[in-house]
Amino acid sequence: MSHRPPSGLAAVSAALLAMSRHLEVRDVLKTIVASARELLDAEYAALGVPDDHGGFAQFVVDGVSEEQWKAIGPLPRQHGILAAMLHGTRTERLADVRKDPRFGGWPSAHPDMSDFLGLPIRDGDETIGALFLANKRCPKPEGVCGFTAEDEELLSILAQHAAIALTNARLYERSRELTIAEERSRLAHELHDAVSQKLFSLRLTAQAAAALVDRDPARAKGELQQVAALAAEAADELRAAVVELRPAALDEDGLVATLRTQVQVLDRAHTARVTFAGTGVRALPAAQEEALLRVSQEALHNALRHADADHVDVTLVRRDGATVLRVTDDGRGFEPAATRRAGRHLGLVSMRDRASGVGGRLTVESEPGKGTTIEMEIPGG
């Protein structure tokens, strides 16, 4: 059965929609490369985002296996054809890139490439990336480029939309960084208030114990026991706050491992038993994984700080084609409708916004005296 590439307006539309669907820069880059390679029926595709030091801040490839990519070695520098695309404005369409005078060779593990089509991705006057394809999958005579003028025009259209998608993704990431900074500021204030209260009580209790040592040793002993308890509570507050302030290792460890680590630390830091179970969940787009992590943190915060729970269970599972996060506690519970009327949201508005922002939904089940269950469901995974 012969290979037939996608064609027509429907294929172009699908590629452009795929680009606009993602918010994370890395996801956008991967989608641009995969869409270009499939649409133009090339064996290889790559996209490089330059840094300010003659290299690449990011470099994404499609058509090269993980083993090949590791064997190739360090990212390329801005030289040869890549430099021409980054520092010029024209499209490069070559019958054999290896015969171009600017070609400087490649590592031994690099796949062999011949016909080549590349162009800069520009945002106004700024070149923000270089997109290129190699080895058109079609019969071609010796010395003739398989990529056509129509391919060049189509890649130019993709590059224009890629510039928009990439710029939007960068703006989103900057906005998210500001949001994270605001969250850290809130946590810092919370940490200051909580620990300050504990330390103030600790100081007063220690003073009382000192005053009682000579005239009432038994009462002094009781006060010293209270000092130990307050010191332990202050340490718990510090540990929990440090966990929340520390950046999550989603990129390195993935969502399941990050959640498991978070729960293990909270279990050690609090008297409540905190458990985690995660099964059958595949990797999700970065924005969805971060939303799930932040919702779990908010729900755990509520359960451990406000609900007076003895047990808190966190689960992450696949269910009917969706990924479901569930945080359940056996704490005091509340009346959701009454909480909304009173203006005390316990972070519910933020959690709902996070869920809807990545195409998911949040449900809250709670009743006074019967604990709380917060569930976030997103498609995929």
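**Exercise 1. How many of the eight residues of S10 are buried?**

Apply the burial cut-off: buried means under 20% relative accessible area, exposed over 50%, partly exposed in between (1.4 Å probe, protein chains only). Seven of the eight residues of S10 pass, leaving the strand mostly covered.

Ground rules: the model is predicted, local features need pLDDT of at least 70, side-chain atom pairs count only at pLDDT 80 or more, and totals for chains, interfaces and linings use all residues. Residues are numbered from 1 along each chain as its sequence is written, and side-chain values use heavy atoms, with hydrogens and water left out.

**Exercise 2. Place S10 in its sheet.**

Step 1. Fix the terms. Helices (H or I, at least four residues) and strands (E, at least two) are DSSP runs, numbered from the N terminus. Two strands pair if DSSP finds at least two bridges between them.

Step 2. Read the order. The open sheet has five strands, S6-S7-S8-S10-S9, with mixed pairing. S6 and S9 are the edges; each has a single partner strand, so one side of each lacks a neighbour in the sheet. On average, neighbouring strands are turned by 10° against each other, direction ignored. Axes here are lines fitted to C-alpha atoms, for helices over the stretch in contact, and angles run from 0 to 180 degrees between N-to-C directions.

Step 3. Check one flank of S10. Eight bridges join S8 and S10 in the antiparallel sense. Arg326 has Glu375 as its bridge partner in S10. Thr328 has Thr373.

Step 4. Check the other flank. S9 and S10 also run antiparallel, over six bridges. Ser366 is bridged to Thr372 of S10. The two strands form a hairpin with five residues between them, and Gly369 in the turn has a positive phi of about 85°.

**Exercise 3. Find the helices that pack on this sheet.**

Step 1. Use contact: heavy atoms within 4.5 Å.

Step 2. H8 lies across S6, S7, S8, S9 and S10 and runs at about 10° to S8. H10 touches S9 and S10, its direction making about 145° with that of S9.

**Exercise 4. Describe the largest nonpolar core.**

Step 1. Define it. A nonpolar core is a set of buried Ala, Val, Leu, Ile, Met, Phe, Trp, Tyr and Cys residues joined through side-chain atoms within 4.5 Å.

Step 2. Find the hubs. The largest core has 34 residues; Leu300, Val312, Leu325, Leu362 and Met376 touch the most other members.

Step 3. Trace the sources. Elements that supply at least two residues each include helix H7 (250–269), helix H8 (286–305), strand S7 (311–319) and strand S10 (372–379). H8 gives the largest share, nine residues.

Step 4. Inspect one hub. Beyond its neighbours within four places in sequence, Val312 contacts residues including Arg273, Leu300, Leu304 and Val327.

Step 5. Look elsewhere. A second, separate core of 30 residues includes Leu29, Ile121, Leu131 and Leu158.

**Exercise 5. Explain why Cys138 and Cys145 are not bonded to each other.**

Step 1. Set the limit. A disulfide is a pair of cysteine sulfur atoms within 2.5 Å.

Step 2. Compare. The sulfur of Cys138 has its closest cysteine sulfur in Cys145, 8.5 Å away, and this is too far for a bond. The count comes to zero disulfides.

Step 3. Add burial. Cys138 is partly exposed at 27% relative accessibility, whereas Cys145 is buried at 16%.
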